[in-house]
Amino acid sequence: MTAAMEMPRVQECVVAACAYNHTGDCHAFAITIGSMDHAHCHTFIEMPAVRAGADGQTAQVGACQRADCRHNEQLECHAPAIRVGPDADMADCMTYSHR
């Protein structure tokens, strides 16, 4: 299992509609990526009047459900860092890379 200090950080998030995105960065403690068919950020939550998370905190990747990603080992992300970007109505891990 990956220790919390070794978890990859969310280097950038450009999904402005997410409550955890304050200024292009994610302030959730940890995010979950993926489902069986897509690399969605499952921590994405659209609440325009709410700013979630804590200032000074940078999100980490807590879990990744995309077993077919080359950065995924035993459902944990081993990329140095990830980027999150927009998809039609959600947020996606832009670092996802099919094996």
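**Figure 1. Contacts of Cys 77 in the predicted model.** Apart from neighbours within four places in sequence, Cys 77 is in contact with Pro 8, Val 61, Cys 64, His 71 and Ile 82. The model shown here and in the other views is predicted. Cys 77 lies in strand S5, which covers residues 76-77. Its relative accessibility is 11%, so Cys 77 counts as buried, the limit being under 20%. Glu 6 is 71 residues away from Cys 77 in sequence, yet the two C-alpha atoms are 9.9 Å apart in space.

**Figure 2. Positive phi at Gln 74 and Leu 75.** Most residues other than glycine have a negative phi. Gln 74 is not a glycine, but has a positive phi of about 55 degrees. Leu 75, also a residue other than glycine, has a positive phi near 65 degrees. Gln 74 sits in the loop between strand S4 (72-73) and S5, and Leu 75 is likewise found in the loop between S4 and S5. Gln 74 counts as exposed because its relative accessibility is 77% and the class begins over 50%. Leu 75 has 45% relative accessibility and therefore counts as partly exposed.

**Figure 3. Nonpolar surface patch at Ile 45, Met 47 and Val 50.** These three residues, Ile 45, Met 47 and Val 50, make a nonpolar surface patch of about 210 Å². Val 50 is placed in the loop between strand S2 (30-33) and strand S3 (60-64). The relative accessible area of Val 50 is 33%, so this residue is partly exposed. A patch takes in residues with over 30% relative accessible area, which means that Val 50, at 33%, passes that cut-off.

**Figure 4. The protein chain around the close-up sites.** The chain has seven strands and zero helices; from the N terminus on, its elements run β-β-β-β-β-β-β. Along the principal axes, the C-alpha trace spans about 40 × 30 × 15 Å. The radius of gyration is 12 Å, which agrees with the value near 13 Å for a compact globule with 99 residues. Of the 99 residues, 39% are buried. Among contacts with a separation of 6 or more, 70% join residues 24 or more positions apart. The accessible surface of the protein chain comes to about 5,700 Å², and carbon and sulfur atoms account for 55% of this area.

How values were computed:
Residues are numbered from 1 along each chain as its sequence is written. This is a predicted model: local features need pLDDT of at least 70, side-chain atom pairs count only at pLDDT 80 or more; totals for chains, interfaces and linings use all residues. Side-chain values use heavy atoms; hydrogens and water are left out. Patches are made of residues with over 30% relative accessible area and no salt bridge: like charges are joined within 9 Å, nonpolar side chains (Val, Leu, Ile, Met, Phe, Trp, Tyr) within 5 Å. Accessible areas come from the Shrake-Rupley method with a 1.4 Å probe; for residues, only the protein chains shown count as cover. A salt bridge is a side-chain nitrogen of Lys or Arg within 4 Å of a carboxyl oxygen of Asp or Glu. Helices (H or I, at least four residues) and strands (E, at least two) are DSSP runs, numbered from the N terminus. Buried means under 20% relative accessible area, exposed over 50%, partly exposed in between (1.4 Å probe, protein chains only). Contact means heavy atoms within 4.5 Å. The radius of gyration is taken over C-alpha atoms; the globule rule is 2.2 Å times the number of residues to the power 0.38.
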